[in-house]
Amino acid sequence: AAARDNVQVAGSSTVLPYASIVAEAFGENFDFPTPVVESGGSSAGLKRFCEGVGENTIDIANASRAIRDSEIEACAANGVTDIIEVRIGYDGIVFASQIDGPEFTAFEPSDWFNALAAELPVDGEIVANPNMTWADANADLPAVEIAAFIPGTKHGTREVFEEKVLLQGCEDTGAMEAFIASGMSEDDAEGACMAVRTDGKSVDIDGDYTETLARIDTNPNGLGVFGLAFYENNTDKLKVATMGGVEPTTETIASGDYPVSRPLFFYIKKAHIGVIPGLKEFAEFFVANEIAGPSGPLANYGLVSDPELADTQAKIANEETMSGAM
Amino acid sequence: MTDATTQTAESGRRTSSLYTLDARTRRRNAAETRFKFYGMAAVGVGLVFLVILLATIIRSGIPAFTQTSFDLPVVLEAEALDPNGNRDPADVSKVSTFGYNPLIDQALERLVAEHGIETEMSGADLRKMVSSGAAAQIRDTVIADPDLIGETVTFRVLASSRVDGYMKGRVTREDLARDKNLDAAHLDIVDVLSEEGGLARAFNWAFITGSDASESRPEQAGIGVSMLGSLFMMLVVLLLALPIGVAASIYLEEFAPKNRWTDLIEVNISNLAAVPSIVFGILGLAVFIQLVGLPQSAPLVGGLVLTLMTLPTIIISTRASLKAVPPSIRDAALGVGASKTQAVFHHVLPLAMPGILTGTIIGLAQALGETAPLLLIGMVGFVASNYPEGIAEGFLSPNSAMPAQIYEWAKRADPAYYERAWGGIIVLLLFLMTMNIIAIILRRRFERRW
Amino acid sequence: MPMTAQNVKNMPQNSKISARDVQVYYGENHAIKDVNVEIEDRTVTAFIGPSGCGKSTFLRCLNRMNDTIDVCRVEGAIELDGEDIYNKKVDPVQLRAKVGMVFQKPNPFPKSIYDNVAYGPKIHGLAKNKADLDEIVEKALRRGAIWDEVKDRLQAPGTGLSGGQQQRLCIARAVATEPEVLLMDEPCSALDPIATDQVEDLIDELRSQYSVVIVTHSMQQAARVSQKTAFFHLGNLVEYGETNQIFTNPKDPRTESYISGRIG
Amino acid sequence: MPMTAQNVKNMPQNSKISARDVQVYYGENHAIKDVNVEIEDRTVTAFIGPSGCGKSTFLRCLNRMNDTIDVCRVEGAIELDGEDIYNKKVDPVQLRAKVGMVFQKPNPFPKSIYDNVAYGPKIHGLAKNKADLDEIVEKALRRGAIWDEVKDRLQAPGTGLSGGQQQRLCIARAVATEPEVLLMDEPCSALDPIATDQVEDLIDELRSQYSVVIVTHSMQQAARVSQKTAFFHLGNLVEYGETNQIFTNPKDPRTESYISGRIG
Amino acid sequence: MPVLWIILIILALAAVGYVMGRQRALASAGGDSRILHSLPSYYGSSVAIFTLVFSLLVLVGWLTIQPIIVDNSVAAMIPDTAIPEASSRSLVMSDVRRVANGLDLAVTGGAISADEARAITTDNTDIRALLAQVGVALGSEVSAPVLEAAQSYRQTSATGQTMMTIAVLAVAIAGFAFAFLRTHKDFRARNVVETAVRYLLIVAASIAILTTIGIVLSLIFNTIEFFQRYPADDFFFGLIWSPSFGGGSQLGIIPLLWGTLYISFIALVVAVPIGIFAAVYLSEYASSRVRSFAKPLIEVLAGIPTIVYGLFALLTVGPLLLSVFGPDGTGWMGAASSVMTAGLVMGIMLIPFVSSLSDDIINAVPQSLRDGALGLGATKSETVKQVVLPAALPGIVGAILLAASRAIGETMIVVLGAGAAARLSLNPFEAMTTVTAKIVSQLTGDADFSSPEALVAFSLGMTLFVITLALNVLALYIVRKYREQYE
Ligand SMILES: Nc1ncnc2c1ncn2[C@@H]1O[C@H](COP(=O)(O)OP(=O)(O)OP(=O)(O)O)[C@@H](O)[C@H]1O
Ligand SMILES: Nc1ncnc2c1ncn2[C@@H]1O[C@H](COP(=O)(O)OP(=O)(O)OP(=O)(O)O)[C@@H](O)[C@H]1O
Ligand SMILES: [Mg+2]
Ligand SMILES: [Mg+2]
């Protein structure tokens with residue numbers, strides 16, 4: 001087998017756009033070949049990442065969530081012990097409706113919970129969600145049929161949506177306590193908070209944001225969940241909803257005013273540094289200020305840049321591995 | 001038969017004229033007409049859907065074939081590009097693409113001023129009109145010829161996707177109201193430039209020949225390199241799947257003893273056809289990359305995976321058409337002393353050819369359009385590399401494939417990519433038709449009734 | 001004396017089928033030339049002539065089976081009971097129901113023996129019920145002189161029969177639909193003398209009601225079963241007349257040569 | 001007197017093919033029962049018998065064409081020049097090159113007439129060059145008594161010929177490979193008397209070097225061309241002997257009945 | 001000697017063998033090909049085969065084994081101290097290989113001479129720079145042990161290469177000689193060649209088996225792992241499919257299977273009649289001109305990427321159905337994605353699978369059968385329905401099976417057209433999803449890769465595999481039962 005001379009990256013399709021922007025610029029500015037960035041999901045990326053060390057395994061795994069302990073264990077079992085975790089920034093998650101559709105300017109997480117939960121406590125009793133319009137959930141909202149297009153359970157975004165919106169809303173409305181009061185354990189109550197109704201008011205999207213967009217295009221009342229970058233590229237078709245009164249922008253998200261966002265990561269196999277040409281250079285380039293900084297191309301594209309970028313840069317320079325893996 | 005019945009039968013017949021249809025025949029003819037009509041309708045339905053689909057594809061994809069660009073005179077300032085002043089390529093290349101942006105900004109400011117447009121925008125703002133690939137384009141030119149430094153060179157740089165969209169009518173001023181990528185003010189400049197020259201929309205060869213670009217610059221993305229990827233994969237598929245498929249079918253249909261074992265193989269093959277294509281990707285990853293150690297993202301591996309996926313299609317159709325060859329043909333050949341092999345290769349196979357070719361056409365079409373298995377062997381994503389140098393590189397160096405490229409584009413956020421995805425589908429279909437044309441002609445050659 | 005349209009007109013008016021100036025071409029190949037003939041009702045007409053002279057071709061014209069051959073082109077007029085069978089108004093299906101055919105090469109369907117025979121009666125609605133159909137099938141198989149051989153294996157495929165059995169099966173299949181005219185292309189070619197006898201008896205029996213046209217290479221057979229004989233040669237109808245007369249006193253020298261075994 | 005393995009042994013030692021206790025089954029159907037026969041070299045042997053009695057089946061055993069029928073099972077021993085043809089070591093291909101066959105149903109390849117005939121010689125390497133091959137083809141077609149009819153259309157498809165022409169084409173195809181034994185299953189069934197004559201002449205000619213087995217339904221033909229005759233009935237070989245003797249003085253009553261036209 | 005050269009040499013040898021074998025055979029027959037057992041070309045081919053087959057086998061074997069041996073022997077040389085922490089021997093080896101390759105390149109590129117390459121050390125040369133010159137990028141500076149290993153790697157490889165050349169050529173020549181000497185007029189060359197051909201055919205046929213084994217093996221381990229984490233009962237008999245990241249997912253396969261069968265069924269209900277009618281029309285009624293353009297055009301339907309069909313379902317068919325069956329119409333349909341939407345669109349995609357292949361098979365039914373039926377006074381449609389189609393049945397069933405398989409394996413149309421909801425319902429206007437769609441989505445999702453939610457993809461694949469196997473057995477049985485063999 002001939003020696004591999006390009007950096008091989010795989011993983012989350014949310015990170016893919018950023019990684020590809022960096023890879024492209026890296027290819028243009030360095031003598032190393034352009035890294036190959038595959039999509040395929042965080043799960044598949046990390047799985048291949050953890051398959052072992054060696055040339056026929058990938059060097060970097062992109063992930064839209066932090067690596068799990070069980071994955072770190074699996075990695076270690078295959079000899080991938082030293083992993084450098086790099087947080088590249090944050091991905092804002094926004095809610096948007098058709099440009100010609102109703103305006104949603106008063107969302108709170110509780111509204112989402114009231115609109116989408118499978119079951120709600122009503123007058124102390126747990127009943128199947130009776131809300132048919134957004135106004136039912138919150139009188140300040142337009143009285144249009146609930147038609148939410150939320151990411152399917154395969155998406156990392158769904159997890160964030162469940163935790164930061166539904167669960168939050170559940171706690172805010174006091175439903176959580178009601179659930180516990182009705183005799184559920186805490187875990188079950190959490191599960192109930194995050195259970196989404198299945199009567200067609202909420203539709204899971206297993207595809208990507210383009211699919212959500214297409215569905216909203218054909219449904220005037222539709223409300224979809226998007227990544228900030230996707231929304232910013234489609235402002236001509238989408239109207240963004242505020243959350244807690246804050247409109248999502250890179251700034252509001254970076255400042256933490258807009259609550260729904262998640263960090264994006266990539267993971268470097270330390271053992272490959274020094275063996276795969278350009279690996280370390282690529283990683284350093286990725287988080288360099290001119291790339292990942294607030295005015296770099298990544299931020300331009302919609303990444304919420306990480307305020308602690310300098311730490312990350314230092315981490316790569318020193319090849320600091322994750323403490324958990326040691 | 002009694003006399004009575006004959007009589008009636010006979011007299012009944014005598015009166016019936018050929019010119020008038022009796023009730024039963026009329027009924028049967030009506031059934032016949034209906035049947036024929038169903039047939040026509042079926043073909044019609046197929047063709048109508050084809051037309052609808054093609055119309056949709058072409059309507060959405062055609063804009064991808066033109067592209068707007070600026071003619072931008074750039075002053076290649078020596079201080080910025082070659083601080084040491086020795087024109088050494090090694091030194092020149094130390095200036096990264098970011099270093100070129102100011103030059104573009106200045107050039108744009110000058111351009112705007114030349115056309116007498118008043119604007120409050122800074123150079124960096126103006127730069128939103130041109131592709132972010134412009135810097136790389138200029139840098140590449142400079143590194144290739146450092147002596148240009150210090151001169152003013154006119155570059156044809158791509159317009160950004162929004163400007164391009166505006167020229168194509170996809171983007172309107174209202175659309176830009178909330179868009180942070182471009183403002184209506186930019187469009188005023190574009191209007192003037194396109195009237196007075198300096199901005200032109202031309203056929204987009206780069207789309208057909210180019211390689212993928214990152215999400216931030218759809219205007220630069222092309223399908224050329226991935227077309228090569230597909231080409232190399234199809235070569236592998238054709239060179240392996242067709243002979244292996246035909247050979248396997250011949251063995252099973254003509255030579256293999258008919259027993260449980262061959263039944264097992266037969267069922268197995270039909271079953272392979274039902275295996276979801278992504279499972280072949282899992283297999284390919286495990287066998288070709290992890291076990292054999294072939295490189296990732298390589299068209300060779302893609303081709304091998306697609307071969308395995310296409311095999312059942314070819315085998316099933318080949319077997320069906322081998323079966324349809326009348327045994328008397330085999331008897332005839334064996335009777336003059338041909339061996340079984342000769343009988344098969346000389347007589348049966350040519351007669352089965354139409355079916356084999358159909359299987360190949362359909363199998364290749366399927367293989368050409370398949371993305372899922374490529375996902376797992378690393379051919380989907382951002383695999384924008386350069387053109388492979390030479391045949392071996394073509395098989396082994398990382399590349400994408402047309403459907404994977406299209407699939408990726410269709411997912412990307414910038415609407416300009418959506419247009420490219422459809423454009424890519426047009427190219428894919430043209431590629432498919434070119435690929436199939438030989439098979440179709442051959443098939444017509446072999447078609448005969450006996 | 002060649003047969004022309006003129007003297008055909010003068011023939012007896014008991015005619016079932018009359019062909020006038022029929023020409024058949026296979027692409028460039030002119031296979032049937034100017035054939036005029038009147039085939040009489042309740043008569044057995046034999047077509048004789050050397051191999052390749054156009055007997056089958058002409059026979060296939062009579063029920064428009066040539067329609068299925070792409071390259072084949074038929075000109076001239078053929079009338080059945082005074083009606084032009086090539087007329088647009090004529091439905092070949094109805095025609096073929098009236099004019100049945102036994103092909104030169106036995107072509108049983110890849111179905112059971114029973115289904116082979118039952119096929120025609122079924123599509124023409126000749127049987128009211130299953131019992132009726134069974135009866136029709138048995139009768140046809142008996143007439144085809146094959147009942148005894150196949151009565152125990154009616155459900156076995158017709159393609160698994162011996163050559164001669166297949167031929168008789170095809171005869172049975174054709175008579176099962178009770179056509180008014182039966183065209184038989186060498187129906188006894190694969191039959192042993194006894195079976196041949198039985199088929200000839202069948203033909204004789206059919207003659208009482210129908211008209212039968214038979215192609216045969218056996219002069220004896222032609223002489224035995226037919227009342228009229230037509231002699232074809234190189235696509236021409238050389239001579240047509242009473243079988244007796246043709247065999248004993250042929251008018252055309254070519255006929256004589258053929259009958260006496262001198263031209264082929 | 002039934003033929004047993006015993007008295008076969010006592011037959012003249014000029015035998016080309018000898019069959020002993022041959023049984024053939026089509027699935028359950030016992031089609032050939034205990035057949036013992038010695039086919040002599042440089043002799044024409046005729047197989048006669050009523051339709052469906054197993055003539056074709058037995059014939060197909062002699063060059064192992066039955067191998068191609070899945071349901072068909074052959075038992076017993078058949079020897080060609082003293083070698084068991086069903087022996088594992090025997091290559092059926094080589095056997096079939098030696099023992100040629102004309103099938104009952106003409107089955108030309110869907111290729112040109114020329115290619116039909118040239119195919120055998122080509123695969124057996126009988127021609128050194130094109131001219132040689134042309135000559136072989138012409139000779140074969142002449143022997144098949146079809147040359148005159150097809151010489152102008154050698155490139156036309158063999159399937160576009162008339163029934164009798166196809167039959168002769170198949171004969172020509174078989175003789176073109178110059179087999180040592182030629183098995184002909186009713187080769188003249190679709191032929192007119194003159195063509196039949198020519199084929200019979202061919203058979204006679206072949207006899208000087210080869211041995212020929214011919215299945216026929218025509219007693220006259222059997223009497224004319226064959227030296228030996230075997231009479232099959234219901235799968236049994238009833239009687240086998242000099243043609244003369246069989247036709248004039250049959251030993252078995254069944255033979256007599258068949259010849260005189262009483263059983264079928 | 002480079003492998004390409006070796007191959008060319010044995011190919012040339014084979015070509016020579018072909019000619020010589022042929023001549024020798026002819027000579028032994030005194031130039032008369034008729035005396036030969038087989039055609040002269042078979043003698044030639046048999047020599048060529050003997051020359052090629054075994055030498056190629058040796059070559060392939062050697063090429064697979066040599067790197068392993070060389071790697072092992074060189075790897076053994078590397079001192080443990082030279083292996084950086086957290087790295088592995090295999091990674092160091094890839095560095096070694098890279099350096100060795102680079103040196104080779106440098107030598108062939110003329111940057112250094114062969115002797116220099118052998119003498120080179122880390123002290124006297126900047127190897128990273130040297131190799132960068134010839135286009136081989138290294139990840140880091142080369143350490144002395146690595147260079148040493150690389151040197152020895154080159155050395156051993158070169159020796160191996162030489163030995164291989166000798167061995168392969170020796171085998172080729174031996175094969176050549178063996179076959180050549182055997183060549184004689186009585187030699188059964190055809191049988192030899194045909195045996196070789198037959199083995200080739202068997203190898204081809206066994207690839208299908210190997211693929212199956214491969215698939216089973218690549219699924220089985222993860223499937224087992226899945227069942228260790230998730231109860232098999234719940235998987236096979238569970239009526240609810242609702243994975244979630246946080247664990248506590250319900251992963252019942254039944255709704256997915258139901259969706260698969262339902263959608264495939266509707267797709268086949270669309271594709272099979274249309275396909276067969278189209279095939280019948282094209283082969284029995286259409287003029288050859290119509291046929292010659294209609295057939296390839298319909299085949300284009302099979303080549304349109306499924307994402308287009310998906311979008312077509314999502315944007316066109318779904319809303320269209322909704323306007324008829326939705327709240328404004330009959331009220332059966334709640335949203336545009338439904339089993340019906342996906343089924344219809346998938347059916348369209350499958351038309352050519354049924355039509356084209358059936359058309360070929362129908363065309364292959366001998367004309368004499370049609371004549372037989374027409375001669376009895378059957379209409380064309382009766383002929384087709386009762387004689388031609390039954391005779392073509394095995395092929396048509398094959399085509400339908402192919403279409404069904406494709407329907408089962410399709411994802412894009414399902415995801416976009418049928419929605420992602422796993423549901424057990426009889427209403428075809430509700431959203432459902434299929435096993436395959438879920439395999440893809442769980443495999444490409446963001447879940448923890450060692451969680452049941454991700455592993456379930458493998459057991460879904462495995463289960464689907466077993467189920468389709470059963471369906472295929474059934475299909476085979478049915479075809480056997482109703483098959484009509486013509487002639
Ligand atoms: N392929 C087959 N499958 C099953 N049975 C068969 C097959 N071929 C022939 N038979 C049966 O075997 C018996 C002998 O058939 P065979 O073809 O040998 O007769 P034959 O003597 O040649 O008759 P004919 O003179 O009609 O050609 C018949 O009963 C026939 O039905
Ligand atoms: N399908 C065809 N295509 C082209 N030519 C044909 C076709 N069928 C027959 N012919 C030619 O037409 C002529 C007459 O053929 P036809 O079949 O009518 O002869 P026939 O009198 O029936 O002969 P036979 O007694 O041999 O069956 C022959 O020259 C034959 O070659
Ligand atoms: Mg004829
Ligand atoms: Mg027979």
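This is a working chat about the chain contacts, metal sites and salt bridges of a predicted model.

Biologist: Which chains make the most contacts?
Modeller: Chains B and E. They have the most contacts among the eight pairs of chains that touch. Keep in mind that the model is predicted.

Biologist: How many residues does each of chain E and chain B put into the contact?
Modeller: Chain E gives 96 residues and chain B gives 89.

Biologist: And what area is buried between chain E and chain B?
Modeller: About 8000 Å². Carbon and sulfur atoms give 74% of that area. On chain E, Leu201(E), Phe277(E) and Tyr281(E) supply 7% of what the chain buries against chain B. No other three residues supply more.

Biologist: How many salt bridges are there between chain E and chain B?
Modeller: Four. One of them pairs Asp263(B) with Arg480(E), with the closest N and O atoms 3.0 Å apart. There are also 15 residue pairs in polar contact between the two chains, both residues at pLDDT 80 or more.

Biologist: Which helix of chain E gives the most to the side that touches chain B?
Modeller: Helix H7 of chain E, residues 189-229, with 17 residues. The whole side of chain E that touches chain B divides into 57 nonpolar, 23 polar and 16 charged residues.

Biologist: Switching to chain D. How many residues make its contact with chain B?
Modeller: 20 from chain D and 18 from chain B. Together the two chains bury about 1600 Å², with 63% of it on carbon and sulfur atoms.

Biologist: Which residues of chain D lose the most area to chain B?
Modeller: Phe109(D), Pro110(D) and Tyr119(D). Together they account for 33% of what the chain D side buries.

Biologist: What about charges and polar pairs there?
Modeller: One salt bridge is found across the interface of chain D and chain B. Asp331(B) pairs with Arg60(D), N to O at 3.4 Å for the closest atoms. Five residue pairs are in polar contact, both residues at pLDDT 80 or more.

Biologist: Where does the largest share of the chain D side come from?
Modeller: H4(D), with four residues. The residues on that side of chain D are 10 nonpolar, six polar and four charged.

Biologist: Metals now. What are the protein donors of the magnesium ion, ligand 3?
Modeller: Ser56(C) through OG and Gln104(C) through OE1. They lie 1.9 to 2.2 Å from the ion. Ser56(C) is in helix H2 of chain C and Gln104(C) is in the loop between strand S6 and helix H4, so the pair ties together parts 48 residues apart in sequence.

Biologist: Are those two buried or exposed?
Modeller: Ser56(C) is buried, at 18% relative accessible area. Gln104(C) is buried too, at 15%.

Biologist: And which residues coordinate ligand 4?
Modeller: Ser56(D) by OG and Gln104(D) by OE1, at 1.8 to 2.2 Å from the magnesium ion. Here Ser56(D) sits in helix H2 of chain D, and Gln104(D) in the loop between strand S6 and helix H4, 48 residues apart. Both Ser56(D) and Gln104(D) are buried.

Biologist: Back to salt bridges. How many over all chains?
Modeller: A search of the whole structure finds 85. Among them is Glu38(A) with Arg48(A), where the closest N and O atoms are 2.5 Å apart. Glu38(A) is in strand S2 of chain A and Arg48(A) in helix H2, so this pair ties together parts 10 residues apart in sequence. Glu38(A) and Arg48(A) are buried.

Biologist: Which residue does Glu308(A) pair with?
Modeller: Arg87(A), with the closest N and O atoms 2.9 Å apart. The partners are 221 residues apart. Glu308(A) is partly exposed at 43% relative accessibility, and Arg87(A) is partly exposed at 22%.

Biologist: What does Asp82(B) meet in a salt bridge?
Modeller: Arg87(B), at 3.2 Å, N to O. Asp82(B) is buried at 3% relative accessibility. Arg87(B) is partly exposed at 27%. Elsewhere, shared partners join Glu253(B), Asp263(B), Glu266(B), Arg319(B) and Arg480(E) into one salt-bridge network.

Biologist: Last one. Where is Asp206(A)?
Modeller: In the loop between strand S8 and helix H9 of chain A. Asp206(A) counts as buried, at 6% relative accessibility. The Asp206(A) side chain makes a polar contact of 2.8 Å with the side chain of Lys438(E). Asp206(A) also touches other residues of chain E, including Val415(E), Ala420(E) and Ser441(E).

Definitions and conventions:
Residues numbered from 1 in each chain as written. Chains lettered and ligands numbered in written order. Predicted model: local features only at pLDDT ≥ 70, side-chain atom pairs only at ≥ 80, totals over all residues. Heavy atoms only, no water. Donors = N, O, S within 2.8 Å, 3.2 Å for Na, K, Ca; no water. Helix = DSSP H or I, 4+ residues; strand = E, 2+ residues; numbered from the N terminus. Buried < 20%, exposed > 50% of the residue type's maximum accessible area, 1.4 Å probe, protein only. Contact = heavy atoms within 4.5 Å. Buried area = accessible area lost by both parts, 1.4 Å probe. Salt bridge = Lys/Arg side-chain N within 4 Å of Asp/Glu carboxyl O. Polar contact = N/O pair within 3.5 Å; in protein donor to acceptor, adjacent residues only side chain to side chain. Nonpolar A, V, L, I, M, F, W, Y, C, P; charged D, E, K, R; others polar. Lists of a residue's contacts leave out its neighbours within four places in sequence.
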